Amino acid sequence: MTKRKTPEELRSHRWYGVNDLRSFGHRSRTAQMGYNRDEYAGKPVIAILNTWSEINACHTHFKQRVEEVKRGIWQAGGFPIELPVQTLSEPFQKPTTMLYRNFLAMEAEETLRSYPADGVVLMGGCDKTTPGLLMGAISMDLPAIFLPAGPMLRGNWNGVTLGSGSDSWKYWAELRAGKITQEDWQGIEGGIARSPGHCMTMGTASTMTSAAEALGFTLPGFASIPAADSRHAQMAAKTGMRIVEMVWEDLKPSDLITAGAVDNAVTTCLALSGSTNAIVHMIALARRAGVELTLDRYDEISRRTPVLANIRPTGAYLMEDFFYAGGLRAMLAELGDLIDRSQRTVNGHTLGENLEGARIFNDDVIRRRDKPLLPDSSLAVLRGNIAPNGAVIKPGAAEPHLLVHTGRAVVFSDYNDMAARIDDEALDIDESCVIVLQHAGPVGAPGMPEWGQLPIPRKLLQKGVRDMVRISDARMSGTSYGACVLHVAPESFVGGPFALVQSGDLIELDVPRRKLNVLVSDAELDRRKAAWVKPAPRFTRGYGALHQVHVMQADQGCDFDFLQRGGARPASVSASSYEDKPGEPEIH
């Protein structure tokens, strides 16, 4: 049996339990906030990192959920402290929340390091908040538990079930093609997002909260519960109760994240036909824990993992249906030997123990392993002379005839160039062409925005074309679909060979053979490389300047080079090094 901590071994004891001038300052200021010693002395201090804000629609219920978390902490004998951290609001933040994922990760890590936290509840869900919070918590390595925001309820318009993101792209194309009216479009706008919670399609949000559960960071079953369901509030209180026990047990991220746990999370993302964004986030998360997850490993697992979740955009249903059908526990149980059930989780049990009794209640929503939605390869990693370090595609979201295709490149040098010319009637393009967008990667965009579902020209939409091969060094929303090749690495802005593609070149895509090439001679590519001119930096100051110097490429997770395990921070620097510096306290 694991030895439990004593009150004197709590990290917060250094702030509150020592009889010196520094602790006097901490206790007197805590009294100033209306607390007496009996409420916190000798008890685990639990930080609650809350990403609520009035600009993040996915987290509107977090004002209430944080109170339920606090209730659970109080009931279990802990002392809660709510610490707001940066909100990453996917619909609103420009140019992209991905630019700020590492900012949130740094803030989470430094907030936990610099305050008297013994453990932490991480409150997130909207796309980048999940990996950002987990990355920071993994690096800090205090007992940590994740509270997923939960998906919103199904959308509805005139009796039609709507899915966030996916139906936005679908009906936007129909509007541009003249197939629906502006009044229809406004009706869709009013009905597509009708409750708190993140996207209810299998976008990045549900993919990453499910990955967090498979990694062992949430209470079992939590990631599938819709935000508006009362069971979500109940689980919030249980999360608060459990983190207090985790502190006494000293159960930390380093006890949970192993190569086996990472493989479980990757398998989960693939069986869900989850977002392509998960590749970038999972590589970053794994490397923070010292696990070397590569694109090749991702592709290897993809080749053996069936798609069991029949959820849009690959499938037909939404997350609310998935929950009623048995949720993530049921799907993981159905995966059988593809999941390592021996891995530990935050509730103190193994993943296998947490899956006992899980059942599928609708096997059209959660498919049986012998009748999958797709037999394998929900994501594919491509390589070739324009993507030597890899690119990715979601085959199940593309029209099948495009998965082996050769077409003439129509190149846009950046997003503004594309926006200006894509609907020009004079644009020399047909449905057999390959649309190419450059300068959309981690450094060049900046931040690798979700521009990868490139628009189909209006004149082709009007002909009935709804999919074409599109290639970029950008990402795309997990709710997107189409024959979109993404994450080309190295990106064009830093001189990757993708920068050398020109309009008129033939591009060969072969997903079964995992190939992506421009059909140009090596000598011609060398000539173009010699003539290539490095673009001017995007930023001259601030966080952007830091980002462009230190961000890694997509195949390496887009983390900062000095934040991955084994980076610039010396191994001898302890987690407590900041607060243990000698000196008088500031008592103002």
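**Figure 1. Asp423 and its partner Arg176 form a salt bridge in this predicted model.** Asp423 counts as partly exposed, because its relative accessibility is 25%. Arg176 counts as buried, because its relative accessibility is 13%. The closest N and O atoms of Asp423 and Arg176 are 2.6 Å apart. This pair links distant parts of the chain, with the two positions 247 residues apart in sequence. Asp423 sits in the loop between α18 (415-421) and β10 (434-437). Arg176 belongs to helix α7 (residues 166-176).

**Figure 2. Lys179 lies in a loop and is exposed.** The loop runs between α7 and α8 (182-191). Is Lys179 buried or exposed? Lys179 counts as exposed, because its relative accessibility is 56%; the cut-off for exposed is over 50%. Leaving aside residues up to four places away in sequence, Lys179 touches Glu174 and Arg466. Met418 makes a useful marker for distance. Lys179 and Met418 are 239 residues apart in sequence. In space, their C-alpha atoms are 23 Å apart.

**Figure 3. Arg528 and Asp505 join in a salt bridge, and both are buried.** The closest N and O atoms of Arg528 and Asp505 are 2.7 Å apart. Arg528 lies in helix α20 (residues 522-531), and Asp505 lies in the loop between β12 (484-485) and β13 (506-510), so the pair ties together parts that are 23 residues apart in sequence.

**Figure 4. Arg367 and Asp364 meet through their side chains in a salt bridge.** The distance from N to O is 3.3 Å. How accessible is each partner, Arg367 and Asp364? Arg367 is buried, with a relative accessible area of 18%. Asp364 is partly exposed, with a relative accessible area of 31%. The cut-off for buried is under 20%.

**Figure 5. A network of salt bridges links five residues: Glu90, Asp127, Lys128, Glu450 and Arg475.** How many salt bridges does the whole count give? The count comes to 42 salt bridges. Now take the charges of the protein chain together. There are 63 positive and 69 negative charges. The mean positions of these two sets are 1 Å apart.

**Figure 6. Gln64 sits in helix α4 and is partly exposed.** Helix α4 covers residues 62-75. The relative accessible area of Gln64 is 45%. Which distance separates Gln64 from Ala233 in space? Their C-alpha atoms are 8.4 Å apart. In sequence, Gln64 and Ala233 are 169 residues apart.

**Figure 7. Two peptide bonds that lead into a proline are cis: Lys94 to Pro95 and Ala445 to Pro446.** Most peptide bonds are trans. The bond from Lys94 to Pro95 has omega near 0 degrees. Pro95 is found in the loop between β2 (79-84) and α5 (98-114). The bond from Ala445 to Pro446 has omega near 5 degrees. Pro446 lies in the loop between β10 and α19 (458-461).

**Figure 8. Ser273 and Arg514 have positive phi values.** Most residues other than glycine have a negative phi. Phi of Ser273 is near 50 degrees. Ser273 is found in the loop between α12 (259-271) and α13 (277-288). Ser273 counts as buried, because its relative accessibility is 2%. Phi of Arg514 is near 60 degrees. Arg514 is found in the loop between β13 and β14 (515-518). Arg514 is also buried, with a relative accessible area of 10%.

**Figure 9. The whole protein chain has 21 helices and 14 strands.** Its radius of gyration is 24 Å, close to the 25 Å that the globule rule gives for 588 residues, so the protein chain is as compact as a globular protein of that length. The C-alpha atoms fill a box of roughly 75 × 55 × 45 Å along the principal axes. How much of the protein chain is buried? Of its 588 residues, 60% count as buried. Consider next the contacts with a separation of 6 or more. Residues 24 or more positions apart account for 76% of these contacts. The protein chain exposes about 22,400 Å². Carbon and sulfur atoms supply 51% of that area.

Methods
Residues are numbered from 1 along each chain as its sequence is written. This is a predicted model: local features need pLDDT of at least 70, side-chain atom pairs count only at pLDDT 80 or more; totals for chains, interfaces and linings use all residues. Side-chain values use heavy atoms; hydrogens and water are left out. Helices (H or I, at least four residues) and strands (E, at least two) are DSSP runs, numbered from the N terminus. The radius of gyration is taken over C-alpha atoms; the globule rule is 2.2 Å times the number of residues to the power 0.38. Buried means under 20% relative accessible area, exposed over 50%, partly exposed in between (1.4 Å probe, protein chains only). Contact means heavy atoms within 4.5 Å. Accessible areas come from the Shrake-Rupley method with a 1.4 Å probe; for residues, only the protein chains shown count as cover. Lys and Arg count as positive and Asp and Glu as negative; His and the chain ends are not counted. The place of a charge is taken as NZ of Lys, CZ of Arg, CG of Asp or CD of Glu. A salt bridge is a side-chain nitrogen of Lys or Arg within 4 Å of a carboxyl oxygen of Asp or Glu.
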